[in-house]
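Trainee: Please walk me closely through one part of this model, the ligand site. I'd like the cut-offs along the way.

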Amino acid sequence: MQQAMIIINPSSGKEDALEYISQAEEILQNNGYMVTVNETAKEGDATRFCITACREGYELVVSIGGDGTLHEVINGMIDQEHRPRLGIVPLGTVNDFARALQVPLDPGQAIAALTSSRIQPVDAGRLNDRLFGNVVAAGSLAETLSGVSSDDKSRLGAFAYFKEGFKELAGSGNPAHSLTIQYDGGIWEGESPLFVAALTNSVGGFEKLAPGAQVDDGLLHCFIIKDLNIFNTLTVSISLLLGNLKDHKDVIYFTASHVTVSSPAPVRTNVDGEEGPALPIRLSTLPRYVQVIVPEEE
Ligand SMILES: Nc1ncnc2c1ncn2[C@@H]1O[C@H](COP(=O)(O)OP(=O)(O)OP(=O)(O)O)[C@@H](O)[C@H]1O
């Protein structure tokens with residue numbers, strides 16, 4: 001009999017996570033799985049549970065929670081020879097990974113889609129000695145984004161990030177730091193308030209950040225926002241909404257499989273929506289590393 005592990009964060013989303021356990025358990029049992037349910041209680045639990053699932057040969061791990069929980073689950077797969085298939089039930093407020101893979105944002109529909117036979121191989125990102133599923137941001141605006149409240153994210157969706165970003169720009173005028181970004185054969189040095197490296201098209205709920213990004217293209221889609229002021233922030237924001245950010249005159253866009261970012265200043269990062277390590281960071285991709293269950297094609 002195949003084994004499935006449900007990893008659920010009971011604090012995710014609007015805290016109605018527990019309602020979905022029996023629904024997911026039933027659908028998996030009806031599909032021939034022996035199901036183990038693990039509830040997380042604190043940071044790191046989802047990673048530990050997923051490590052167990054890898055070591056014990058589980059065929060399937062289902063992450064029920066937000067992008068933070070998913071990030072932790074994916075980190076359990078680092079350096080594991082056996083990696084279970086991954087099912088996603090999004091309960092967070094942003095759910096970028098689900099958006100990028102067309103997994104339904106409605107949890108009931110996402111649970112129903114766990115029986116799909118369609119598997120999408122997805123790149124994982126490597127940041128120093130850990131993994132990420134979707135995005136790494138660095139710079140003073142990235143630090144600000146870590147502070148966006150769940151309440152604002154629920155109320156304003158992706159626009160919560162604009163609100164915090166504008167607040168930061170209005171407060172400090174010019175929050176750029178000196179960054180050195182080395183990628184494959186190139187190097188960029190200059191002042192920037194924000195560097196973003198994305199694996200998928202959806203970042204912060206904006207589904208058109210990198211419209212050309214494929215989840216299995218083996219590439220980091222990188223954006224350097226050059227020195228910003230409050231006025232061209234508006235035009236950058238509009239480009240972001242229209243999906244042509246990479247063509248904006250104050251944005252440098254490139255793709256690469258290896259990137260390092262450093263700064264003489266103590267700059268922090270944001271990784272998959274949560275606060276990450278300080279610079280310097282080394283980024284790379286692990287092509288087609290995670291096998292994700294996605295809905296059948298219509
Ligand atoms: N039982 C728990 N109570 C509180 N926090 C928890 C618990 N279990 C895990 N966590 C922590 O909650 C963090 C955030 O979870 P997650 O991103 O899944 O939900 P969310 O914050 O509701 O989603 P979003 O970030 O989209 O708003 C996880 O990174 C984890 O460290």
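Mentor: Let's start with a term: domain bounds here come from an automatic or database domain assignment. Keep in mind that this is a predicted model, where local features need pLDDT of at least 70 and side-chain atom pairs count only at pLDDT 80 or more, while totals for chains, interfaces and linings use all residues. Numbering runs from 1 along each chain as its sequence is written, and side-chain values use heavy atoms, with hydrogens and water left out.

With that settled, the shell around the ligand takes at least three residues from each of domain 1 (2-115) and domain 2 (135-288). A residue is near the ligand if one of its heavy atoms lies within 4 Å of it. There are 21 residues around the ligand, and Gly13, Thr40, Gly66, Thr69 and Thr93 come nearest. Sorted by class, the shell holds twelve polar, six charged and three nonpolar residues. In that sorting, Ala, Val, Leu, Ile, Met, Phe, Trp, Tyr, Cys and Pro are nonpolar, Asp, Glu, Lys and Arg are charged, and the others, Gly among them, are polar.

Now the polar contacts, meaning pairs of N or O atoms within 3.5 Å (within protein, one must be able to donate a hydrogen and the other to accept it, and residues adjacent in sequence count only if both atoms are side-chain atoms). Ser11 uses its side chain: an N or O atom there is 3.3 Å from a ligand nitrogen. Ala41 works through its backbone, with an N or O atom 3.5 Å from a nitrogen of the ligand. Gly66 also offers a backbone N or O atom, 2.7 Å from a ligand oxygen. On its own the ligand has 640 Å² of accessible area (Shrake-Rupley, 1.4 Å probe; for residues, only the protein chains shown count as cover), and the protein covers 78% of that.

As for elements, helices (H or I, at least four residues) and strands (E, at least two) are DSSP runs numbered from the N terminus. Helix H3 (67-75) and helix H7 (150-156) are the ones that give two or more residues to the shell, and H3 has the largest share, four residues.

Thr69 sits in H3, and Thr69 is buried, with a relative accessible area of 5%. Buried means under 20%, exposed over 50%, and partly exposed in between (1.4 Å probe, protein chains only). Leaving out residues up to four places away in sequence, Thr69 touches Asn9, Ser12, Ala46, Ser63 and Ile64, where contact means heavy atoms within 4.5 Å.
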